[in-house]
Amino acid sequence: MRALRERLAALVSGEAEPVRAPTDVSLRPGLDEEGRVALVPVGSPGEWLEASVWAQILLAQTDVTRQRLKLCREPACRSAFYDRSRNNSGVWHDVRRCGNAANLRASRARRRQRAGETPAGE
């Protein structure tokens, strides 16, 4: 699971390198609940979960969903999230937590910088 998480983080951040598909993951054609053809994961519980995740990523690449999958910009967090903002500009998974912390740090840095800038001759 950790290896899968790391591969997904690299994929979402755009840092993934092309690699061969995992050989321990199996997807078979089948029908979903609405009678549409779908890729159905098979295997042990861990293999099933990984296959399911890769199938969803494959589907996400066919529409704008993939562009909206992002990693939180907060270095201590780095959670993956789906950006629901109208213009796809979200950078934090939770504005109240990670966004607040980042904005507070930026505000304090600006305040320190202004305090250090004193007019010449004073």
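Let's start on the surface, where Arg108, Arg110, Arg111, Arg112 and Arg114 gather in a patch of positive charge. The model you are looking at is a predicted one. One member of this patch, arginine 112, sits in helix α4, which covers residues 95-116. With a relative accessible area of 59%, arginine 112 is exposed, because a residue counts as exposed when that value is over 50%.

A second surface patch has another character. Met1, Trp48 and Leu49 form a nonpolar patch, and together they offer about 310 Å² of accessible area. To find tryptophan 48, look in helix α2, made of residues 45-60. Its relative accessibility is 41%, so tryptophan 48 counts as partly exposed.

Now let's move to the loops. Glutamate 74 is in the loop between β3 (69-71) and β4. Is glutamate 74 buried or exposed? At 10% relative accessibility, glutamate 74 counts as buried, because the limit for that label is under 20%. Which residues does glutamate 74 touch, leaving aside those up to four places away in sequence? They are Trp92, Cys98, Ala101, Ala102 and Arg105.

Asparagine 88 belongs to the loop between β4 (80-82) and α4. Here is something to look for in its backbone: asparagine 88 has a positive phi of about 60°, although it is not a glycine. Most residues other than glycine have a negative phi. The relative accessible area of asparagine 88 is 25%, so this residue is partly exposed.

Finally, visit threonine 65 in helix α3, which spans residues 65-68. Threonine 65 is partly exposed, and its relative accessible area is 22%. Not counting residues up to four places away in sequence, threonine 65 touches Ala60 and Tyr82. How far apart are the C-alpha atoms of threonine 65 and arginine 84? They are separated by 9.9 Å, while the two residues are 19 residues apart along the chain.

Here are the residues from this tour, with their accessibility side by side.

| Residue | Relative accessible area | Label |
|---|---|---|
| Arginine 112 | 59% | exposed |
| Tryptophan 48 | 41% | partly exposed |
| Asparagine 88 | 25% | partly exposed |
| Threonine 65 | 22% | partly exposed |
| Glutamate 74 | 10% | buried |

As you turn the structure, helix α4 is a good place to return to: arginine 112 lies in this helix, and the loop holding asparagine 88 runs between β4 and α4.

How values were computed:
Residues are numbered from 1 along each chain as its sequence is written. This is a predicted model: local features need pLDDT of at least 70, side-chain atom pairs count only at pLDDT 80 or more; totals for chains, interfaces and linings use all residues. Side-chain values use heavy atoms; hydrogens and water are left out. Patches are made of residues with over 30% relative accessible area and no salt bridge: like charges are joined within 9 Å, nonpolar side chains (Val, Leu, Ile, Met, Phe, Trp, Tyr) within 5 Å. Accessible areas come from the Shrake-Rupley method with a 1.4 Å probe; for residues, only the protein chains shown count as cover. A salt bridge is a side-chain nitrogen of Lys or Arg within 4 Å of a carboxyl oxygen of Asp or Glu. Lys and Arg count as positive and Asp and Glu as negative; His and the chain ends are not counted. The place of a charge is taken as NZ of Lys, CZ of Arg, CG of Asp or CD of Glu. Helices (H or I, at least four residues) and strands (E, at least two) are DSSP runs, numbered from the N terminus. Buried means under 20% relative accessible area, exposed over 50%, partly exposed in between (1.4 Å probe, protein chains only). Contact means heavy atoms within 4.5 Å.
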